[in-house]
Amino acid sequence: MSQLSERPENPVVGLSLPHESAHLHVTGAALYTDDLVQRTKDVLHAHPVQVMKAHGRITALRTAPALQVPGVVRVLTGADVPGVNDAGMKHDEPLFPDEVMFHGHAVAWVLGETLEAARLGAQAVEVELDELPSVITLQDAMAADSFHGARPVMLTGDVDAGFADSAHVFSGEFHFSDQEHFYLETHAALAQLDESGQVFVQSSTQHPSETQEIVAHVLGLHSHEVTVQCLRMGGGFGGKEMQPHGFAAVAALGAKLTGRPVRLRLNRTQDLTMSGKRHGFHASWKIGFDAEGRIQALDATLTADGGWSLDLSEPVTARALCHIDNTYWLPNARITGRIAKTNKVSNTAFRGFGGPQGMLVIEDIMGRCAPLLGLDPTELRERNFYGKDQSTPYGQLVTHPERIAAVWEEVQRNAGVADRRREIAAFNAAHPHTKRALAVTGLKFGISFNLTAFNQGGALVLIYKDGSVLINHGGTEMGQGLHTKMLQVAATTLGIPLHKVRLAPTRTDKVPNTSATAASSGADLNGAAVKNACEQLRERLSQVAASQLGANASDVRIVEGVARALGNDKELAWDDLVRTAYFQRVQLSAAGFYRTEGLHWDANTFTGTPFKYFAHGAAVAEVEVDGFTGAYRLRRVDIVHDVGDSLSPMIDIGQVEGGFVQGAGWLTLEDMRWDASDGPQRGRLLTQAASTYKLPSFSEMPEEFHVTLLQNAGEEGAVYGSKAVGEPPLMLAFSVREALRQAAAAFGPSGVAVELASPATPEAVYWAIESARAAGAEPGAGELPTSTAALSGA
């Protein structure tokens, strides 16, 4: 094994440990960005001036009335920006716009002594608007040819020849919904200046370095004049990768202009109406199969709803294209991507970052086409799995394709699929108004940032004279357990007990130029950087220990806080070793760095090796559906997931469970609605609260939930043989949607192809049931097509 992946004797990694802040979370002692306000003197509060129209040019902005409101200190507008009036990396997101681009767009911010004063001041600001036509729905944008950004094309093989060789060709469309992050902690920032004018921003951000960069260019400063710290986040899910920057910049601008700390925290309605979502997509597709049901060709166009600005829509679309294959070999494929421009919030990163959207398209195709091919959906999927020496449509060899089959077979074994299918068939035969179904789906998810430059991580590790250790790294903690894993990595590499190590909050003045904690790469990048720093320190300390033990440094081992030499009975305690090193003037701090090797990507040809490795998983879901209402319950879920050689099994199992439930929410419950009428509230988000936007709760959890991590699955070339876990499990929820499709089909004749909307709400399931029943009444129902068939999407 490589030095990066090999584990030493008695490692702390691999132990099932609770989250490092779990006791703080449950006691309420954990501090979040907005908690710091109570510890800060003379704080001003910021409130947005939102314009409740979908599109229009500002013709007048009168702030004087706000200044008459008691407690209002200042109104921030574009005229106050000393640097660049833009909050995005594409320079298409003015921080203070002169054109309203979505319903609820903030055009100014009011600073008040209290939040209530700021709110009343914002109400008093007068905005005149010349309304302009707006594009709200993705379908309207496509009809109006309203697009922005790149239009990538991924091509492999000979698509036309593939279709010519196909025994069965189907085509269809599919539109599926966006998703709200609904993190518990809304966007928040607290900015203040020190005596020399240095800007310090506490921000709930997944990307402190980029927040630093945006704040600096808005204020007309250099990056070294701005420090950003992230204590922890109350959830992020991608929603705090790009979107916090503008809010932090507003707070920093207010602090710069007033000389007082400025706090900005969105309430839930503001957060819902002002921040981006998961991209909804539209897919049009054509697929060809041979007589045995093996894919011969796929031609698809994926259209993402980008919203009003680009944000991260281009890389999200790129990743959707790169994941449309999922676990299936596509010998001939042409996949086109494009980004619709609509007058809605700018959609952004969300767990999976386009991967779920691309994979959902192929899974929907397989679920719809299996009955038409006369095949069980499980069998159709198996026949198309990647095999040895096969490559993705973008040209990357799929290493370890045997793991696709390994998790697939293990999860069916664990779930007792064969016996349960017989039980389900008997139940369905005896219950005309209630049907059950069981579905199996798998996943193959690429790990790394598509932009190669982001695949780097840094760390700073300090050892103090008393033997205690402090680590800093560039990753942020949003509840996913990254800090827990980093503590375990440091303790393992140094060979000391876990209690010796403490972790400091993420700060840009400790580790510079960091990448976002995103793309499931937080543990890979930062863990390898922490390990690198600790290895430098251990090597220095081994030299010191060797001199004390009378041995060669290469023979020294530090295990559980004691240094010993091979073939030598003498030993040296860690604290004594560190103290000796200090008196010998040995450096006891080290900066670690890691860059992911072997990556390359050509965005023009859409080819290369963008991923370090692939994570795999498989899930079995069983549902029961009521034929009168479409209501359903999730009876049981079994999962086998590949996290390599786990750094922290309890953390990883929690991530698998949480990711699955969030994916099930996106696919079955979370139904975002926008006012697309021509009325005065056109463009308004209608689902503005938990009362109208249904989130997964305990009642939606499976009655039985079994999660197993794939064993003997160490990943060569990754930190201690582990694999990423954050995003991949979300796609395991495809099994729930496919089970609902099969349950709905069970109300009709054998072989009926059922279309199912996404999200598959009870209403959508009911209409799928009605479609299946109607197919049973049609002449020739259940006959298989022998030529081209067309399917229209829900």
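When I speak of a strand today, I mean a DSSP run of E that is at least two residues long, with the numbering starting from the N terminus. Arg502 is a first example, since this residue is found in strand 19, which covers residues 501-503. Please keep in mind throughout that what we are looking at is a predicted model.

Let me start with the chain as a whole. In this model the chain has 19 helices and 30 strands, and its C-alpha trace spans about 90 × 80 × 50 Å along the principal axes. A compact globule of 794 residues would have a radius of gyration near 28 Å, and because the chain has 28 Å, the two values agree. Of the 794 residues, 61% are buried. If we take the contacts with a separation of 6 or more, 81% of them are accounted for by residues that are 24 or more positions apart.

Turning to the outside, the chain exposes about 29,000 Å², and 51% of that area is supplied by carbon and sulfur atoms. As for charge, there are 66 positive and 90 negative side chains, and the centres of these two sets lie 4 Å apart.

There is also one annotation to mention, and it comes from a record. In an unreviewed entry, UniProt lists residues 27-133 as "domain: Aldehyde oxidase/xanthine dehydrogenase a/b hammerhead". In the model, that span is 14% helix and 34% strand, and the C-alpha atoms at its two ends lie 51 Å apart.

Within those numbers falls Asp92, which sits in the loop between strand 3 (72-76) and strand 4 (99-100). Is Asp92 buried or exposed? The answer lies in between, because a relative accessibility of 24% makes Asp92 count as partly exposed. Leaving out residues up to four places away in sequence, Asp92 touches Asp86, Trp308, Ser309 and Leu310. Leu310 is 218 residues away from Asp92 along the chain, and yet their C-alpha atoms are separated by 7.3 Å.

Let me now come back to Arg502, the residue in strand 19. Arg502 counts as exposed because its relative accessibility is 51%, and the cut-off for that class is over 50%. Even so, if we set aside residues up to four places away in sequence, Arg502 touches Val469, Leu470, Ile471 and Leu487. The C-alpha atoms of Arg502 and Val469 are 6.2 Å apart, with these positions 33 residues apart along the chain.

Ala283 gives us another strand residue to look at, this time in strand 13, residues 281-289. With 1% relative accessibility, Ala283 counts as buried. Beyond its neighbours within four places in sequence, Ala283 is in contact with Gly172, Glu173, Phe174, Thr301, Leu302 and Val361. For a sense of distance, the C-alpha atom of Ala283 is separated by 20 Å from that of Thr761, which is 478 residues away along the chain.

Met672 lies in a loop, the one between helix 17 (649-668) and strand 29 (704-709). Its relative accessibility is 6%, so Met672 counts as buried. Not counting residues up to four places away in sequence, Met672 touches several others, among them Ser177, Asp178, Lys277 and Tyr693. By contrast, 36 Å separates the C-alpha atoms of Met672 and Gly608, which are 64 residues apart along the chain.

I would like to finish with some backbone details. As background, most residues other than glycine have a negative phi, and most peptide bonds are trans.

Against that background, consider Ser448, which is not a glycine and has a positive phi of about 150°. Ser448 is found in the loop between strand 16 (434-447) and strand 17 (456-463), and at 3% relative accessibility this serine counts as buried.

Arg585 likewise has a positive phi, near 60°, in a residue other than glycine. Where along the chain do we find Arg585? Its place is in the loop between helix 16 (574-583) and strand 24 (589-595), and with 80% relative accessibility Arg585 counts as exposed.

Finally, the peptide bond from Ser758 to Pro759 is cis, with an omega near 10°. Pro759 is found in the loop that runs between helix 18 (734-745) and helix 19 (762-777).

Key: Residues numbered from 1 in each chain as written. Predicted model: local features only at pLDDT ≥ 70, side-chain atom pairs only at ≥ 80, totals over all residues. Heavy atoms only, no water. Helix = DSSP H or I, 4+ residues; strand = E, 2+ residues; numbered from the N terminus. Rg over C-alpha atoms; globule rule 2.2 N^0.38 Å. Buried < 20%, exposed > 50% of the residue type's maximum accessible area, 1.4 Å probe, protein only. Contact = heavy atoms within 4.5 Å. Areas by Shrake-Rupley, 256 points an atom, 1.4 Å probe, with all protein chains shown as cover. Lys, Arg positive; Asp, Glu negative; His and termini not counted. Charge placed at Lys NZ, Arg CZ, Asp CG, Glu CD. UniProt positions renumbered as here; feature names shortened; annotations may be inferred.
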